[in-house]
Amino acid sequence: MNHTPEQQWSALSALYEEADALPAHELAAWLAQLERQGHPLLPQLQRMLDARRHLETDDFLHTLPTLARFDAPQATSWLAGSHVGPYRLSRPLGEGGMAEVWLADRDDGAFKRQVAMKLPYARPGRESFAVRFDRERDILATLRHPNIAGLFDAGVTKEGQAWLALEYVEGQQISDFCDAQRLTLRERVKLFRQVLLAVQHAHANLVIHRDLKPANILVTPQGEVRLLDFGIAKLLEAEGGAMPETELTREAGRSLTPRYASPEQLTGQPLTTACDVYSLGVVFYELICGERPYELKVDSAAQLEHAILEIEPRAPSRRALTLASAQAREMSVKGLRRALSPELDAVALRCLSKLPAARYSSVDAVLADVDRWLAGEAVLARTPGAWYRLGKFAARHQLGVGLGVAAVLSLAIAAAVAVVFAVQAREESARAVAARDFMLSLFKRADQEKARGADITARELLETGRKDLLTRLAAQPRLQAELLQGIATIQEDMGEYVGADSTFADAARIYGQLGMPREAALARSEQANSAIRMGNVTLAQTALQQAKDVPDRPHNDAELNARLSQVAGWIAVVGGEMEHAKALFEQSYEQALKAFGPNHVRTMDALRGQIFCEQRLRNFDGALRLLQQLEAAAARSSGFDARESASLARDRADLLLIAGHIAESLNQVLAALPKCVSDVGPNHAECKELMFRKANIMLRLGMAPAVSEDLPSLEAIADDQKSPALGADTLLLILKVDSATGSPVRQAASFERVRSLVESSAGAAFGPSFKTRALLALAEARLRAKDVAEGEQWIQKAVVVQRRNDGSVPTTTLGAIAKALEGVALLQRGRAGDALPRLSAAHDDLSQLLGADDPVTCLLSLNVALALDALGRGKEALAVVEYSEPVLRKAMGVDAPTYRRVKELQNGLERMAVSDTHAEQAVDHSKGRASIGKHPPIDFFS
């Protein structure tokens, strides 16, 4: 029976959907059955499935050949009907400085599609054009958004002509479209909102456009925006900073449209997303009032550049608006002026600030204000007020203004005081009511979720509150910022460092917009503190610098200075600058004393930093004195709660551990952990820190089987993305536990998780010190598995990272651990003679760094004893063990499994050393050696 094309397509579509739902192992059998039945649509179905398979397995957009080839013959011009790849050129659409663009049709029979074919000029000596063309292809391949003209295909012809097949947009420039359609002001803002969404997507994918202008923003007849031309786009690092400049990006930096360029583009400064915010401001200004921001007496490039760099643009409502511009917006001139002021004026001028830091912090923030205006709410941006303009006038006419002010000031003061007090009272009342309503709505939301059967956690409640604050209290930004800061503080106390980071950032942004520099700087410093807890030092440094750079922040504020010094101290700690960190913590403590007194939690935090530095500098007596001072202050403090108590127990455990009292440190943790769990819950950050320390100390004592019982709790800590730094350290700990006690399956899984982390961008964010530790942990795991060759490979990777990080520093703990592992690997290969120098060098380094009587130094020395024994130098080996045994006994206690192994080694060596003049010395020596050989090497630590 013959079927219509529509019927055939319907049947084919049904077959494809059925095939698409089948797993791979069932699909083949199903297709074979159709073949046996002689199904007439099988060939077409097979082609569709082959095409699907091609798309799934061939990442064509990311594996295309390099387009930068200049061996092609120079074409004088392209002709209609010419073929480029599978496309036939139809007609030219335009040309620019890099390429010409043609309308083209796909005509290889696969499917029909019209595209905008972009063909770069083949000009010898202009290789940067082609490199830039390569980059445009790579960038477009990452961007998938309905408001960005997409990349369909790309390639190079056999003659060497590179090409990009882009989405063909049949439309007008956004400014022309708005005027042609006589769009109202509201319709224009809604259209501009689509532009913001497109740029927001690009920035989220770490791409700055750098050439935003109406010619690159087209609107289809259906009113849909398409953003074009990423030819000079710039990539960003994951943290949001610009990638380092190259010759290409430096040259591309001037490939711009001056009328829409930001000041930093014209001056060649480093570019961030703020340059796109500026260009969006120019486009927005033009859309809403019909004029460009700068009023030029002479339309020249020099005048334009001077205006962009030096002249503050007037608000759109204060321009000489024309009747034509007003009518194009279906308004009178007076009505347009009234509609623009003050909100749209404020949005435009905020985007057009000369300094990047004074603009909106992101396109998200512009979008939020645009949405507020569309919803009839007050925007957060503010136009420069009368005081600002008066200040500018006064700067130009100082004498006259001074005389006038003196005459009026005395009359104004009395009235002003009364008005201010009345206004403050009304504001405080309104803020209190809004805060109450917000808190009630939050708990009501939780109750509704519970009624639906959902158990909403404190984390979810805080996150819900944060999102609600950003929308519901937009009209009361000060209260909004205060509540955000409160939520962020709770998130940080709970160990929700990722959430706290973004919440503090929101609070800082709003405080900055309100002109509250002290509060903005404090919020940024808290954001930096959260970033340190996350393990992201780069983000912490950026946030701290932003706090210091807040315009007009007070410089003699003791509370602010205490926090800035404290955060800087922890950043110095991460960088290994202990002396510098100690000085910063001492400054922080002095400022905190002035601001809060000796018994405040913030003052105690500064004291904790000093204790940590004294520990690292091996000044244990000084650290103990400071700890006793801290404990006395805690006893007198009224704000000392269960969380602070757990933190104090952790401080004492850390001091005991690094001072070499390992068993005592464990006892401290074992006493504090149950109390922490009962007081604040097992998922609190402090309890997780104590659990980590418990496992770490037990592992040092050789109690790996006992630690394995806590693996579920440790796995939960490692998987918690809210505290990534602690999670990463816990992952290394799990690897060590599994290497000692786990099944081969667990060992392999733990090894793979650490390897993946160390090779990922997330692992890189923790810094080179963590990477070195992780690589050494991988090496140790392979050595324990007797895979010496792979273990040595990981050691060498660690050495490279460590040397690159520590530079000219001759001796470091991680460097000593790496030498020790190299010696262990040689010992496992049976090359004791080669192993001994490496192990001895590692021992000497640790003796220099930690002291000869440190438990870690003594434990490592036992590997030296094993090497000496293997070389037949039993008496020397015994001397090494006899020196270390009392140190380890005192540090670990006689019941610790590691110490019992030390005694085993000592006893075996003593048996071998019985009367070297005795006739049966050789026999006894042989028996003793056989006894020792039954035991694995003494633990080594990374």
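In strand S3, Leu103 is the bridge partner of Arg91, and that pairing is a handy place to start a tour of this predicted model. From there we look at the strands around this pair, then at the salt bridges, of which the structure holds 46, and finally at a serine in a loop between two helices.

**Strands S1, S2 and S3**

- S2 and S3 (residues 99–106) run antiparallel to each other and are joined over 7 bridges.
- S2, which spans residues 87–95, also pairs with S1 (residues 83–84), again in the antiparallel sense, over 2 bridges.
- Across from His83 you will find Arg88 in S2.
- The hairpin of S1 and S2 has 2 residues between the strands, and Gly85 there adopts a positive phi near 60°.

**Salt bridges involving helix H28**

- Side chains of opposite charge can pair when their charged atoms come close.
- Glu689 and Arg693 form one such salt bridge, with an N to O distance of 2.7 Å.
- Both residues belong to helix H28 (residues 685–700), and because they are 4 residues apart, about one helical turn separates them.
- Glu689 has a relative accessible area of 18%, so this residue counts as buried.
- Arg693 is buried too, at 16%.
- Asp710 and Lys694 also meet through their side chains in a salt bridge, at 3.1 Å from N to O.
- This pair links distant parts of the chain, 16 residues apart: Lys694 sits in helix H28, while Asp710 is in the loop between helix H29 (704–708) and helix H30 (711–719).
- Asp710 and Lys694 are buried.

**Linking helices H30 and H32**

- A salt bridge with an N to O distance of 2.9 Å brings together the side chains of Glu715 and Arg746.
- Because Glu715 lies in helix H30 and Arg746 in helix H32, the pair ties together parts that are 31 residues apart in sequence.
- The partners differ in exposure: Glu715 is buried at 16% relative accessibility, whereas Arg746 is partly exposed at 30%.
- Glu715 and Arg746 also belong to a network of salt bridges that includes Asp719, Asp738 and Arg753.

**Ser760, between two helices**

- Ser760 is located in the loop between helix H32 (744–758) and helix H33 (761–764).
- Its side chain reaches back to the backbone oxygen of Leu757, at 2.8 Å.
- With a relative accessible area of 27%, Ser760 is partly exposed.

Terms used. Residues are numbered from 1 along each chain as its sequence is written. This is a predicted model: local features need pLDDT of at least 70, side-chain atom pairs count only at pLDDT 80 or more; totals for chains, interfaces and linings use all residues. Side-chain values use heavy atoms; hydrogens and water are left out. Buried means under 20% relative accessible area, exposed over 50%, partly exposed in between (1.4 Å probe, protein chains only). A polar contact is a pair of N or O atoms within 3.5 Å; within protein, one must be able to donate a hydrogen and the other to accept it, and residues adjacent in sequence count only if both atoms are side-chain atoms. Two strands pair if DSSP finds at least two bridges between them. A salt bridge is a side-chain nitrogen of Lys or Arg within 4 Å of a carboxyl oxygen of Asp or Glu.
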